[in-house]
Amino acid sequence: MWARIKFKLSNKEGFFHNISILLFCNVAVNVIGLFTNMYIARTLQPEGYGEYGVVISWASILQIVSSLGIQQVAIRSIAQNRDASRYYFRISMIARFLGFAATCMLFGIYYKLFIDKPIFILLVILAQTLMTSVWDGIQNVAFGMQRMEYTGYINVIGQALLLGVYILLPHDYINLYNVIIIALILGGLKDVCYYIKCQKENMFRDDNSSVMVMGKKEVWSIIKESFPFYILAIFTLFTTQFPVLFLEKNAGASEVAYFNTANKLMVPMSMMLSTIMVALFPNLAKDASSNPIQFLAKIRKILAIVVPIGVVLCCLISLFRNEVVYIIYGEAYKSTGLVMSTQCW
């Protein structure tokens, strides 16, 4: 039995290896991220931290809108045809950049007409959107090849560096603009390191892509195929990011801070559930086309495990919400507990 477990954990393209690495790295990232957000939240206070949250929310919205729902289709295509991974990477990035260009133009007009903030904030939002899109495009290749450990390792190192820079920076320099600029610089470095590592590991393959056409028809085909995922992602924004903008416009930046700190405290639960799904997706994509019976059996097992875990975690969050908030964020964020108990369910 132990030999079988050891084999599953050592198989770099296997589900157990990927889920264990992703869970470990995501735990590390979120523990470090918790300290990072705690430091920023206490330093900027609810007003400044709320403004920071609005910038991040706009960048998240634009990233999802500009991505056109490409992620799942790209991962599935690469998982089913690994020898053409570079082809699917290129065609998905073309689609992403087309979506990014259209989104930039529309958001620029909206920002000019309806948002009374400096042009610097607009540029920051667009830069963050672009870097996240590039990261996702590279990550699609790694996930499609079922090599997920590099995502985890780079995220851990990047988050640790971010926290280190914030701590070493003189306290007087911790303001909204500097916090954003530092995060952008490290985000760009992460993209470069990720691409170089995937290139060295031969994840970008050309064996079959030389005979594949890359034109308008093929780009439109992947966009059309991604449309159901795109619609789902857009509707998800109504429960994740649009509430932040609604709060900022109708209540103020402090309320945004309460909402975002509640989200950060629920990260352990959402991280575990999303990591399971992310690690399973390439494996399920292969089974869906090659072994439908095994595919359905895995879906049943996943539901039987995930639903009870989610209920237990929600109960724990509801019971200890106020104690956790006071310990981590302090008196200034006392309204976060009620928000957190509502959100988790």
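Here is a chat about the helices, aromatic rings and a few single residues of a predicted model.

Biologist: What should I know before I start reading residue numbers off this thing?

Modeller: It's a predicted model, where local features need pLDDT of at least 70 and side-chain atom pairs count only at pLDDT 80 or more, while totals for chains, interfaces and linings use all residues. Residues are numbered from 1 along each chain as its sequence is written, and side-chain values use heavy atoms, with hydrogens and water left out.

Biologist: OK. How many helices and strands does the protein have?

Modeller: 15 helices and zero strands. Both are DSSP runs numbered from the N terminus, with helices being H or I over at least four residues and strands E over at least two.

Biologist: And how much of the protein counts as buried?

Modeller: 46% of the 345 residues. Buried means under 20% relative accessible area, exposed means over 50%, and partly exposed is in between, using a 1.4 Å probe and protein chains only.

Biologist: What share of the contacts comes from residues 24 or more positions apart?

Modeller: Among contacts with a separation of 6 or more, those residues account for 82%. A contact here is heavy atoms within 4.5 Å.

Biologist: Let's look at a helix pair. At what angle do α5 and α6 pack?

Modeller: Helix α5 (residues 119-144) and helix α6 (residues 149-168) pack at about 140°, and their axes are 9 Å apart. The axes are lines fitted to C-alpha atoms, for helices over the stretch in contact, and angles run from 0 to 180 degrees between N-to-C directions.

Biologist: What do you call that orientation, then?

Modeller: α5 and α6 are oblique to each other. Under 35 degrees would be roughly parallel, over 145 roughly antiparallel, 65 to 115 roughly perpendicular, and the rest is oblique.

Biologist: Which residues make the contact?

Modeller: W135, Q139 and F143 come from α5, and T151, I154 and N155 from α6. By class, that contact has three nonpolar, three polar and no charged residues. Ala, Val, Leu, Ile, Met, Phe, Trp, Tyr, Cys and Pro count as nonpolar, Asp, Glu, Lys and Arg as charged, and the others, Gly among them, as polar.

Biologist: While we're on α5, is S133 buried or exposed?

Modeller: S133 counts as buried, at 3% relative accessibility. Leaving out residues up to four places away in sequence, S133 touches Q63, S66, M93 and R96.

Biologist: There's another serine I like, S92. Where does S92 lie?

Modeller: In helix α4. S92 counts as buried too, at 1% relative accessibility. Apart from neighbours within four places in sequence, S92 is in contact with I70, A74 and I222. S92 and Q71 are 21 residues apart in sequence, and their C-alpha atoms are 8.2 Å apart.

Biologist: New topic, rings. How many aromatic pairs are there?

Modeller: 14 aromatic pairs. Rings of Phe, Tyr and Trp (its six-membered ring) pair if their centres lie within 6.5 Å; planes under 30 degrees apart are stacked, over 60 edge-to-face, and the rest tilted.

Biologist: Why does the pair of F89 and Y195 count as tilted?

Modeller: Because their planes are at 35°, with the ring centres 6.4 Å apart. That pair links distant parts of the chain, with F89 in helix α4 (residues 85-114) and Y195 in helix α7 (residues 176-200), 106 residues apart. F89 counts as buried at 14% relative accessibility, whereas Y195 is partly exposed at 33%.

Biologist: Which other ring goes with Y195?

Modeller: F204: the centres are 5.1 Å apart and the planes at 40°, so the pair is tilted. F204 counts as buried, at 4% relative accessibility. Elsewhere, W58, F107, Y110, Y111 and F114 form one aromatic cluster.

Biologist: How many disulfides should I plan around?

Modeller: Zero, where a disulfide is a pair of cysteine sulfur atoms within 2.5 Å. C198 is buried, at 0% relative accessible area, and C314 counts as buried at 6%.

Biologist: Last one, the backbone. Which residues have a positive phi although they're not glycine?

Modeller: Q45 is one of them, with a phi of about 70°. Q45 lies in helix α2 (residues 15-67) and is partly exposed, with a relative accessible area of 40%. N202 is another, at about 60°. N202 is in the loop between α7 and α8 (216-225) and is partly exposed at 45%.
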